[in-house]
Amino acid sequence: MPTPHDPYVRVRGAREHNLRDVRVDIPRDTLTVFTGVSGSGKSSLAFGTIYAEAQRRYFESVAPYARRLIHQVGAPKVGEITGLPPAVSLEQRRSAPGARSSVGTVTTLSNSLRMLFSRAGDYPQGAERLDSDAFSPNTAAGACLECHGLGRIHRTTEDLLVPDPGLSIRAGAIAAWPGAWQGKNLRDVLDALGYDIDRPWRELDPADREWILFTDEQPVVTVHPVRDAGRIQRPYQGTYMSARRYVMHTFADSRSRTLRAKAERFLTSAPCPVCGGTRLRPEAMAVTFAGRTIAELAGLPLTDLADVLSAAGGGDTARVLTGDLLARIGTVTELGLGYLSLDRTAPTLSSGELQRLRLATQLRSGLFGVVYVLDEPSAGLHPADTEALLAVLGRLKEAGNTVFVVEHQMDVVRQADWLVDVGPLAGEHGGRVLHSGPPAGLADVAESATRRFLFDDAPAPLREVRTPSGWLRLRGVDRHNVRGVDAAFPLGVFTAVTGVSGSGKSTLVGQVLAGVLADRQTADAPQEQAAPGCASAEGLEAVDRLVQVDQRPIGRTPRSNLATYTGLFDVVRRLFAATDVARERGYRAGRFSFNVAGGRCETCQGEGFVSVELLFLPSTYAPCPDCHGARYKPETLGVTLRGLNIAQVLDLTVESAAGFFADTPAAGRSLRTLLDVGLGYLRLGQPATELSGGEAQRIKLAAELQRARRGHTLYLLDEPTTGLHPADVEVLMRQLHGLVDAGSTVVVVEHDMAVVAGSDWVIDLGPGGGDRGGRIVAAGPPVDVARAQESRTASYLRAALSLT
C-alpha cells in the first residue's frame, strides 16, 4: 500500500494500446530507461499512460473554460497510478514548424539577444532607444516593410509561368495553373471574358498576356460550359484568378507539401532588396553590439557567438545580459549543437535537434520535483556527443527531478539507474513488462530482446567487403558548410556516411547527391554536367532510378493507413467486390472504401468515431453510435470474405493477414515485404497518425521492395535506424544488404556504429560541426576509416570492429 511519502511511481492495470494489464513500480529521482523492440509498448507505457495521466491531472486543476482552449488527449486506459508528480514531455515532434520559427525562438535565446541590443547596444548619435520588439523580424515593430520579416522576396515571370509560348491557353500554355476541373474552370472563365484561348500564346496582345498572368483583379462572370456527350452542365458564376495570384496563394497558404513544391517551381527567390536578407528595419540594423549588428550575431554559430560575447565589454547591464546569454548558450553547445546559429530556421532541423534544443531550455528552467519524459534524446547524435547528453540528463536528475527516457542506444541504457524492459516482441506479442529494476538484472531475463545487445560483448563477425561496380563522382560540392569538396560514391555496394552532428552529412547526401540524381531523372543529362550544389557530376548514367526513403509520415490524417499506402487496400476491396453476395447486390470495389460515400457509415463519414462537444469542457471523441467504430454501413458489413467482413480484415495484423491471404498473390507480396522489414505487429487499418517515424520509413521501404526492379536503383536513407531497437536494426540491415546483393546501391547517413561496421565503404565528414566540419576526413572500407587519425568516428568504429 503506497504511503504519503512513497518514493515510487506505481502503475496498476495499464491497458493502453497493446499493454496487457501492466503493473510496474518505478522509483522517483532516478534516470529510468524504457527499452524494448519497436511496437513492444514502451512508448505506450511512458507517454501514453504515465505522461498522459500526469497531463490529465494537471488539466483538472485548470478552470473549465480555459481547459477548452488547450488541446488535450483522452484519459489513459489505466486502473490507477500513485506517486506521480507533474510531468513535462519532450517528444520527437514530426510536425513541421513554421518558417518564422528558428533556433533562437525555440530556445528563447533570441529574446535575450534582443534585450541586449535594446538595453546595451551602441545607438547612432541622436537615435531613440528601441524596444526589444523592434529587433524581432516576427513583430510589426521590427519586420522589414518590404518582405514582412521573411528576408526574401518571391517573384515570378512570364517565362516561368509560360515555358512554351507556342501553345494556346486551351492546350496548357500556362503551366502554373492547376490541373483537372480547377484549371479548366480558369480557362472557361477567360473564354467567357472574351480572351482567345485557342491562339498560340506568343500571338496574343502583350497587354492581354500581362493581364492574364499578373492582374490582381478577380472578376466574376457567367460561364456556359461546353456540353459533353451525355452530360448536362448548367451555367455557373466563375471567378478569375491570375496565374501569379494562384501561384503565390498556393505557395503561401497550401498545407500540401506537393502543391507548395509545384508552386515553388514557378517562383524566383532573392534576398529582399530593402533589408538585404536581414529581415529587419533600418533603425534596428543601425544598432550594434561589440561592433556587430543583431543580424550578424544571429548568423554566427553558437560557439562563435559565445566567443564574441565573452570578449565584449560594456557596463553592468551588458555584463548581466551577456552572462545570461552565455549560460544559455553553454547548455545548447553542451548537447552538441554549437554548430547551429540563432537564425537557422526550425524546418531545416532534424527532430532530434529540435528535441535537444527544448531539453536545453528545460535545463535552464530551474524546475524540480518534475518527471521529464523524453523520446530518444540520442536520436541523430554521433557517439561522441552521447556522453554530453548523459551529463545533461544527470544534471536534470541532480536538480531533484525524475527522468524517464524511451531509448534504444545501449550506451544510454547502461548509464540508467533503473531499467524497464517491455516485450518480448511487438504488437500482440508484446505489452508485458519483462524487467523493472537495475540494468544488471536484465541479464537473467531470457526472453528479453534487449539482453543480448546490452551484455554480449562478442565482436560481430567481419564480412567480406564488396567490390564496387562503378563510381559516382561529385566535384566541387558547395552547399551550406560543405565547401569545395570532391566526393566519390561507389556503386553496387553499401555505403555509410558518418560524422558528428552538423558535419554536413545530410547536406552532401540528402541535398546535393539526391538533387543531382533527381535532376538526372527529369532531364536527359550528359555524362558530366553542372549540378545543384556542385560544379560537376560523373557516372550518373549508371543509375537508372533514385529512391529516397525518409521518416516523414505516410499520411497526415487517420484516413491514410498501412493498407492504403502500400496498395493492399485496393486488392482487398477488389476481393470483396468479387464475392457472390457483392455481385448479387451490385457492389463494386468503391463500396468497400471508407473514404467515399456509398458503403461507409455516413454518421461518422467513415472515421469510426464522432466528436462530442461538451459545454465548458474539452471536446471528446466517442465511437460512432451507428457503426460502433466499424466505419461502414451494416449492408456493407454483411458482405464477408472467408467469414470476415471488411472492418474485421482491416483489424487484422500484418502477421495474421499473411496467413489469411496466403493464396492471394497480389496481397501476399505486400504482406511478405512488410513482414520482412519487421512490421508484422501493425494492423492493416492502423492510421498513419499512430505510426512512428521509423515505422513510416520501413513501410515506405516495404512499398519499394514489392515493386518490380528495373535497372540500377540507388537507395538513399537518412539515419534509417532512428527509432529502432538493435534487434529491429538487424532486420532492416538484412533487407538493405539484400538490395545490394540484388545489384542495387545503398547509401545511408548513419550514427549506429554496428551499421557502419557492416558497410562496404565509409565516407566520414568532419572533423567537427558547422564551420569546423564540411570536409571528408576519411573514406574507404570500415577497417581503414577506423584507423584514420583525424576522424572523430574512428575510435568508436574501432570498438565496433573490435580492433586494437
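This is a conversation about a predicted model, in which a visitor asks how its features earn their names.

Visitor: Let's start inside. How many cavities of 30 Å³ or more does a search of the whole structure find?

Guide: The search finds 1, and about 50 Å³ of space lies in the largest cavity.

Visitor: What makes a space a cavity, rather than a pocket?

Guide: A cavity is a set of points where a 1.4 Å probe fits but cannot get out, whereas a pocket is an open set.

Visitor: Which residues line the largest cavity?

Guide: The lining is made by Thr107, Leu109, Arg328, Val332, Ala360, Thr361 and Arg364. Helix H13 (316-334) and helix H14 (351-363) are the elements that give two or more residues to this lining.

Visitor: What is the make-up of that lining by class?

Guide: There are 3 nonpolar, 2 polar and 2 charged residues. Arg counts as charged, while Ala, Val and Leu count as nonpolar.

Visitor: Thr107 has a neighbour I'd like to ask about. What is notable about the phi of threonine 108?

Guide: Threonine 108 has a positive phi, about 65°, although it is not a glycine. You will find threonine 108 in the loop between helix H3 (103-107) and helix H4 (109-120).

Visitor: On to helices. Why does the span of helix H1 agree with its number of residues?

Guide: Helix H1 (residues 42-60) has 19 residues, which at 1.5 Å a residue should span 27 Å. The end C-alpha atoms of H1 are 26 Å apart, so the two values agree.

Visitor: Where does H1 bend?

Guide: At alanine 52, by about 30°. That value is the angle between axes fitted to the seven residues ending there and the seven starting there.

Visitor: How do you know that strand E1 and E4 pair?

Guide: Pairing needs at least two bridges. Strand E1 (residues 8-14) is joined to E4 by 3 bridges, so the two count as paired, and they run antiparallel. To see one of these contacts, look at arginine 10, whose bridge partner in E4 is threonine 82.

Visitor: What makes E2 and E4 edge strands?

Guide: Their sheet is open, with 3 strands in the order E2-E1-E4 and antiparallel pairing. Strand E2 (22-27) and strand E4 (80-82) each pair on one side only. On average, neighbouring strands of this sheet are turned by 5° against each other, direction ignored.

Visitor: What is the strand order in the open sheet of 6 strands?

Guide: The order is E19-E22-E23-E16-E24-E25, and the pairing is mixed. Strand E19 (545-549) and E25 are the edges, each pairing on one side only. Here the average turn between neighbouring strands is 15°, direction ignored.

Visitor: How do you know that E16 and E24 pair, and in which sense?

Guide: Strand E16 (residues 494-498) and E24 share 4 bridges in the parallel sense. The cut-off is at least two, so they count as paired. Valine 497 has isoleucine 763 as its bridge partner in E24.

Visitor: Last topic: where is the cis peptide bond with an omega of about 5° that involves proline 767?

Guide: That cis bond joins glycine 766 and proline 767. Proline 767 is in the loop between strand E24 (761-766) and strand E25 (775-780). A cis peptide bond also joins glycine 423 and proline 424, with omega about 5°. Proline 424 lies in the loop between strand E12 (418-423) and strand E13 (432-437).

Notes. Residues are numbered from 1 along each chain as its sequence is written. This is a predicted model: local features need pLDDT of at least 70, side-chain atom pairs count only at pLDDT 80 or more; totals for chains, interfaces and linings use all residues. Side-chain values use heavy atoms; hydrogens and water are left out. On a 1 Å grid over the protein atoms alone, a cavity is a set of points where a 1.4 Å probe fits but cannot get out, and a pocket is an open set with protein on both sides within 12 Å along at least five of seven lines; lining residues have an atom within 4 Å of a point. Grid points are joined across faces, edges and corners, and a volume is the space filled by probe spheres set on the points. The expected span of a helix is 1.5 Å times one less than its number of residues. Axes are lines fitted to C-alpha atoms, for helices over the stretch in contact, and angles run from 0 to 180 degrees between N-to-C directions.
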